[in-house]
Amino acid sequence: MPWPSPISTTDVARAALRLGWPSAQSGQVWWTEDRPDEGGRTTIMHRAADGARSELLPAPWNARTRVHEYGGRPYAVTADDLIVFTHQPDQRLYLLDGEPRPLTPDDGARYADLLVRDDQVWCVRERHTGDGKVVRAIVSVPLEGGDPREWVTGADFYAAPALSPDGRHLAYICWNHPRMPWNGTELRVLRLEDGSSWTVKGGSSESVLSPQWKDDQTLYLVSDWSGWWNLYQITMYGTSAQALFPAEEEFAWPLWVLGGRPYLPLGDGRLAVVHGRGDLRLALLDPDSGELTDLDVPYDGWEPKLAADGTSVIGLGYGGAVPRSVVRIDTVTGRVEALRRGIDELPDIAYLPKARAVEFQGRFGRHVHGFLYPPANPEVRQEGSTPYVVFVHGGPTGHAQSELDLEKAFFTSRGIGVLDVNYGGSSAYGRAYRDRLKGQWGVVDVEDTVAAAEWLAAEGLADPAKIAVRGGSAGGWTVMAACCRSDVFAGGVSYYGVSALAPLIAHTHDFESRYMEWLVGADESVYAEREPLALVSGVSCPMLLLQGLEDPIVPPEQSSAFADALLERGIACTYLAFEGESHGFRRAETRTTALAAELAFYQQIFS
């Protein structure tokens with residue numbers, strides 16, 4: 001019998017506002033909120049200097065960019081406190097000055113990584129041509145509107161445009177297929193007056209991220225040259241590179257979305273930074289002395305999406321019992337103020353699981369990281385082992401965090417524990433850990449996920465007969481592959497997972513179109529040894545597959561083909577498809593239905 005819990009599917013689906021992308025100036029703060037009750041629409045919120053909070057973007061306006069399909073920061077603030085944003089349906093730039101006014105032509109171009117300087121919007125533009133090609137450039141768009149001016153093009157990808165204080169130079173990040181931005185990027189500088197440009201740092205095996213100008217001649221940047229994403233200072237001509245705080249810690253995350261700011265200069269010259277392994281802590285770094293001081297705040301982790309305003313740092317903080325929040329910290333007084341919480345009303349803290357970072361051995365003695373969430377319910381006295389679900393994150397170059405998640409609490413409060421595994425290939429543990437997955441997708445991730453289940457059983461935490469596995473996107477691939485290649489799981493749940501490589505490569509979006517060459521290799525003969533659809537005869541447990549029908553990243557055929565193959569072999573399988581949903585469910589009604597189906601699935605296989 002499941003434990004009684006006050007956390008309902010509706011609580012989970014409607015509670016999380018998905019706060020994102022803070023900005024700040026002159027005592028004001030802006031951020032985005034995804035609204036599950038409004039079909040997942042993204043609005044822009046404003047907190048005035050006097051504390052008044054208001055919504056700036058009413059329905060049906062939707063601030064969301066589709067550059068790289070994963071998008072990123074969809075807005076920027078002008079010097080006059082106006083908003084420039086990308087509207088989801090047409091991807092045009094708009095200026096929000098009363099009624100939104102379009103700034104760019106209605107030609108299908110997409111825009112992201114917005115920066116407003118001197119009445120110009122500097123940004124990355126993505127154009128999809130009629131022959132299926134994708135062309136990107138860094139452009140500037142006048143705030144009064146008009147055709148964008150193209151400054152840099154020719155590379156496959158661009159990110160992080162940054163203008164020098166004197167306005168004479170543009171720094172930016174670029175890279176080319178088949179690399180992903182965590183494999184290798186270049187930091188380049190363009191002299192605007194004559195169009196000359198040069199590489200400052202980076203290359204095919206060095207990931208450089210997030211350039212910002214210290215002064216007219218010097219740049220800050222993040223590089224994994226040492227094996228960890230650390231902060232550096234360098235002249236704009238690529239000389240005198242200096243590590244500001246060399247450490248076996250990460251000061252940034254992979255560039256899945258555009259517009260993140262993992263560090264920012266404050267008014268006194270210090271840098272607000274995030275750093276750590278797994279979860280990232282918030283700290284102040286003096287670039288001259290190298291002194292790093294963690295801030296004493298009631299949040300365990302921070303997104304690498306900071307904003308700064310004089311002596312204040314604004315970020316997205318979270319904790320084990322604290323929902324993700326827009327937080328402002330005064331670095332002089334130490335005052336910490338939560339401006340907006342992602343969940344307005346929390347259940348009794350006794351129903352929330354306490355995350356514990358764990359490390360266990362995988363195959364060949366590999367160390368594997370994860371976060372353990374034991375069952376928690378004050379109405380039940382737990383005795384002995386319990387059912388567990390191994391959560392597998394997407395990416396696969398992503399990672400799980402220890403933040404409060406009502407979805408996990410939904411299960412743990414009902415007596416089902418969770419182990420969120422950061423398998424080899426996950427970020428947040430250094431480049432060597434990421435590179436474990438090179439050419440080994442479908443092997444290392446599967447072995448580490450199976451090892452997680454075996455560790456749960458060996459430690460006496462989980463009933464060996466009652467361990468399931470669930471994941472989404474790349475995590476869905478690992479779920480399906482693990483169920484094909486192991487019998488340790490009582491069942492598997494895949495959200496919009498990948499089951500076959502050739503169709504994915506043929507139809508996926510440009511950003512990830514060459515990713516498989518790094519993950520698996522270019523030899524198609526290997527596909528049959530890795531992909532779940534070719535190994536489906538090895539599945540012996542029931543499965544639940546959930547899919548959005550408008551998914552541009554993992555087409556619905558990936559899930560439906562695997563479901564058909566299971567049913568042909570007499571394996572119990574439920575396939576649920578959702579109209580109007582893309583990659584990652586955004587609508588409250590979808591999330592409610594999916595979560596209810598998942599719980600029913602676990603109750604059935606664990607009974």
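**A walk through the buried parts of a predicted model**

Let me begin with a single residue, His 68, which counts as buried because its relative accessibility is 2%, where the cut-off for that word is under 20%. Please keep in mind throughout that this is a predicted model. His 68 lies in the loop between strand 4, residues 53-55, and strand 5, residues 75-77. Setting aside residues up to four places away in sequence, His 68 touches Glu 126, Arg 136, Phe 157, Trp 175, Leu 258, His 509 and Phe 511. Three of those names come back when we turn to the rings, since Phe 157, Trp 175 and Phe 511 belong to one aromatic cluster together with Tyr 70, Trp 182, Trp 256 and Tyr 515. The loop that holds His 68 also holds Pro 60, and the peptide bond that leads from Ala 59 into Pro 60 is cis, with omega near 5°. A cis bond also joins His 177 and Pro 178, with omega about 5°, and Pro 178 is in the loop between strand 14 and strand 15.

Next, the aromatic pairs, of which the structure holds 30. In one of them, the ring centres of Tyr 158 and Tyr 172 are 5.8 Å apart and the planes meet at 55°, so we call the pair tilted. Because Tyr 158 lies in strand 13 and Tyr 172 in strand 14, this pair ties together parts that are 14 residues apart in sequence. Tyr 158 is buried, with a relative accessible area of 2%, and Tyr 172 is buried as well, at 3%. Tyr 602 and Phe 606, by contrast, make a stacked pair, with 5.9 Å from centre to centre and 15° between the planes. Both of these residues lie in helix 10, four residues apart, which is about one turn of the helix, and both are buried.

Tyr 602 also leads us to the largest nonpolar core, which has 130 residues, and in which Trp 441, Val 539 and Tyr 602 touch the most other members. If we leave aside the neighbours within four places in sequence, Val 539 is in contact with Cys 483, Cys 484, Phe 562, Leu 566 and Ile 571. Apart from this core lies another, of 16 residues, including Val 274 and Ile 329.

Two of the contacts of Val 539, namely Phe 562 and Leu 566, are among the buried residues of helix 9, along with Gln 558, Ser 559, Ala 563 and Ala 565. Seen down the helix axis, the buried residues of helix 9 fall within an arc of 165°, and therefore they line one face of the helix. Turned away from that buried side is a face that carries the exposed residues Glu 557 and Glu 568. What covers the buried residues includes helix 5, helix 6, strand 36 and strand 37. We can also check the length of helix 9: at 1.5 Å a residue, its twelve residues should span 16 Å, and this agrees with the end C-alpha atoms, which are 16 Å apart. After the helix comes Gly 570, whose phi is positive, near 80°.

I will finish with two residues that have a positive phi although neither is a glycine, Asp 113 at about 60° and Asp 118 at about 55°. Asp 113 is found in strand 9 and is buried, with a relative accessible area of 10%, whereas Asp 118, in the loop between strand 9 and strand 10, counts as exposed at 63%.

Methods. Residues numbered from 1 in each chain as written. Predicted model: local features only at pLDDT ≥ 70, side-chain atom pairs only at ≥ 80, totals over all residues. Heavy atoms only, no water. Core = buried A, V, L, I, M, F, W, Y, C linked by side-chain atoms within 4.5 Å. Buried < 20%, exposed > 50% of the residue type's maximum accessible area, 1.4 Å probe, protein only. Contact = heavy atoms within 4.5 Å. Helix = DSSP H or I, 4+ residues; strand = E, 2+ residues; numbered from the N terminus. Expected span 1.5 Å × (residues − 1). Arc of directions from axis to C-beta. Phe/Tyr/Trp six-rings, centres within 6.5 Å; stacked < 30°, edge-to-face > 60°.
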